[in-house]
Amino acid sequence: MKLYFIGIGGIGMSALVRYFLSKGDQVAGYDLTPSPLIDALVQEGANVHFEDNPQSIPTAFRSPDVLVVYTPAVPQDHKELCFFREQGNRVIKRAELLGELTRRERGLCVAGTHGKTTTSTLLAHLLRQSHVDCHAFLGGISNNYKTNFLLSEHSDYAVIEADEFDRSFHHLSPFIAIITSADPDHLDIYHTAEAYRESFEHFSSLISPEGALVMKKGIPMTPRLQPGTRLYTYALEDKEADFRATDIHVVEGKLFFTWHYPALEGRPAGQLRVELGVPLLVNVENAVAAMAVAFLVGATEEELQAGVASFRGVHRRFDRVIDTPQCVLIDDYAHHPHELAPSICSVKELYPGRHILGVFQPHLYSRTQDFYREFAEALDTLDEVILLDIYPARERPIPGVTSELIAGEMHRAKVQVLSKADLLPFLKEQSKLPEVILMVGAGDIDRLVPQVAEWIRTRL
């Protein structure tokens with residue numbers, strides 16, 4: 001089988017590329033810019049180029065029998081996409097290909113505005129460390145496995161991050177699903193909060209009648225489950241939730257909680273004291289949900305306890321790149337106000353009394369236009385903030401929508417707007433190292449993190 005991926009270097013696409021390479025299929029593709037992830041794909045056997053030109057497509061992949069896969073971020077006038085369509089190739093979205101895999105395997109699909117990458121990566125780790133095992137198609141690089149794709153030799157469970165952008169997750173057929181949150185986002189696609197939440201309700205209707213939905217308690221949506229599909233809720237400290245965490249304690253940098261589970265298929269209800277390997281309060285809810293699904297598919301209490309303790313998190317999900325008494329550098333992917341606020345809260349809880357500098361790169365003009373007041377409210381709890389220019393991704397500029405919109409709503413923190421090129425020169429002019437630097441955003445701010453880390457190390 002030959003597959004051609006347009007947008008091959010995307011985090012979700014690359015997991016699929018690795019799956020088909022592992023099966024011995026021939027894979028090629030296009031992406032806009034080189035990256036370490038693409039370098040890894042090339043080492044694994046993919047043929048990749050960076051010019052949107054049909055003549056650049058390798059000869060072996062120009063035939064009509066090649067399956068073409070693209071991401072929703074690719075414009076419809078993309079020259080290579082148009083070439084394949086005019087030629088008559090089968091051309092499908094990434095989500096459609098994932099959907100086919102969920103009909104081949106038993107999909108454990110994790111959806112939500114935020115929390116889905118950490119939750120799905122932890123779920124994959126719990127199953128990988130248990131006798132159950134799994135495949136995994138993740139939206140981030142697991143720090144335990146240094147990859148976003150896991151392949152099992154014997155399990156038919158596949159952990160899949162279910163992306164709501166462009167209603168992609170409607171192509172999936174989950175065996176079990178998690179919904180972590182449904183706070184409105186992607187309003188350039190959905191237009192209203194009601195339409196956004198309705199998409200999650202439709203997603204719930206796709207779950208197998210033999211399966212289950214594990215949903216955070218209190219999400220303002222009404223699941224549309226098929227007859228036979230079980231519903232479980234999870235929460236912190238809420239006695240009415242089926243799965244919950246209580247007695248949460250941080251002791252000398254370690255986080256412990258008690259996980260409660262209901263009676264299931266002859267197994268009595270019980271509780272389990274666990275240590276969370278990534279000791280952040282924001283991750284406790286994610287752990288409760290991941291443990292619930294792992295438990296539902298057969299992982300034992302002992303396996304769960306060991307797996308949660310050995311979890312090392314996800315690249316760019318609250319990554320402590322440098323953690324010294326003099327300076328801490330944290331890299332985080334948060335790009336929605338409801339992700340940014342808990343991230344900042346976690347930093348302040350971990351490093352009380354320290355001066356915190358936040359460097360935030362807004363992602364998308366539309367999201368900034370919709371939520372600039374909420375971004376400002378979250379960032380204003382920091383001591384100092386540097387706003388970088390908006391990362392456009394797939395969008396064209398919107399008149400009047402810049403990072404200055406956020407800055408204009410901030411009244412407590414010291415704030416300024418800089419270009420990416422000006423960030424490092426500005427930091428080098430400072431007379432002393434900031435005590436804590438939080439670099440946050442979903443664009444290309446991560447490419448600045450190594451430069452900032454190198455500068456910090458020269459000053460330590």
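**A buried glutamate, two cores and a set of salt bridges**

Glu105 sits in the loop that runs between helix 4 (94-104) and strand 6 (106-111), and this residue makes a friendly starting point for a walk through the predicted model. Glu105 is buried, yet no salt bridge is found for this residue. The nearest side chain of opposite charge belongs to Lys23, 5.6 Å away, which is outside the 4 Å that a salt bridge allows. Apart from neighbours within four places in sequence, the contacts of Glu105 are Tyr19, His135, Ser155, Asp156 and Ala158.

A similar account can be given for Glu80. This residue belongs to helix 3 (residues 79-87). Glu80 is also buried without a salt bridge, and Arg62, its nearest side chain of opposite charge, lies 8.8 Å away. With neighbours within four places in sequence set aside, Glu80 is in contact with Tyr4, Ile6, Tyr30, His49, Glu51, Asp52, Asn53, Pro54 and Ile57.

Stepping back to the whole chain, the model contains 14 helices and 21 strands. The radius of gyration is 22 Å, close to the 23 Å expected from the globule rule for 460 residues, so the chain is as compact as a globular protein of that length. Along the principal axes, the C-alpha atoms fill a box of roughly 65 × 60 × 40 Å. Of the 460 residues, 57% are buried. Among contacts between residues at least 6 apart in sequence, 64% join residues at least 24 apart. Separation along the chain can also go with separation in space: Gly12 and Ala60 are 48 residues apart along the chain, and their C-alpha atoms are separated by 24 Å. Gly12 itself lies in helix 1 and counts as buried, at 18% relative accessibility.

What does the interior look like? In soluble globular proteins, nonpolar side chains tend to be buried together. The largest nonpolar core of this model has 77 residues, and the members that touch the most others are Leu108, Phe243, Phe257, Trp259 and Leu379. Helix 8 (residues 284-296) supplies the largest share of this core, with 11 residues. A second, separate core holds 42 residues, including Phe20, Ala46, Leu67 and Phe203. Returning to the largest core, Trp259 shows how one member is surrounded. Leaving aside neighbours within four places in sequence, Trp259 is in contact with Phe243, Arg244, Gly270, Gln271, Leu272, Val288, Met291, Ala292, Phe295 and Leu304.

The cysteines come next. A disulfide is a covalent bond between the sulfur atoms of two cysteines. How many disulfides does a search of the whole structure find? The search finds 0. Cys109 illustrates this: the closest cysteine sulfur to its own is that of Cys134, 12 Å away, which is too far for a bond. Cys109 is buried, with a relative accessible area of 1%. Cys327 is buried as well, with a relative accessible area of 0%.

Charged side chains pair up elsewhere in the model, which holds 16 salt bridges. One of them joins Arg18 to Glu44, with the closest N and O atoms 3.1 Å apart. This pair links distant parts of the chain, 26 residues apart: Arg18 is in helix 1 (residues 11-22), while Glu44 is in the loop between helix 2 (36-43) and strand 3 (47-49). Arg18 is buried, with a relative accessible area of 9%, whereas Glu44 is partly exposed, at 40%.

Another salt bridge is formed by Arg128 and Asp133, whose closest N and O atoms are 3.2 Å apart. Here Arg128 counts as partly exposed, at 27% relative accessibility, and Asp133 is buried, with a relative accessible area of 10%. Arg320 and Asp323 also meet in a salt bridge, at 3.9 Å from N to O. In this pair, Arg320 is partly exposed at 31% relative accessibility, and Asp323 is partly exposed with a relative accessible area of 44%. Finally, Glu198, Glu201 and Arg224 are linked in a network of salt bridges.

How values were computed
Residues are numbered from 1 along each chain as its sequence is written. This is a predicted model: local features need pLDDT of at least 70, side-chain atom pairs count only at pLDDT 80 or more; totals for chains, interfaces and linings use all residues. Side-chain values use heavy atoms; hydrogens and water are left out. Helices (H or I, at least four residues) and strands (E, at least two) are DSSP runs, numbered from the N terminus. Buried means under 20% relative accessible area, exposed over 50%, partly exposed in between (1.4 Å probe, protein chains only). Lys and Arg count as positive and Asp and Glu as negative; His and the chain ends are not counted. Contact means heavy atoms within 4.5 Å. A disulfide is a pair of cysteine sulfur atoms within 2.5 Å. A nonpolar core is a set of buried Ala, Val, Leu, Ile, Met, Phe, Trp, Tyr and Cys residues joined through side-chain atoms within 4.5 Å. The radius of gyration is taken over C-alpha atoms; the globule rule is 2.2 Å times the number of residues to the power 0.38.
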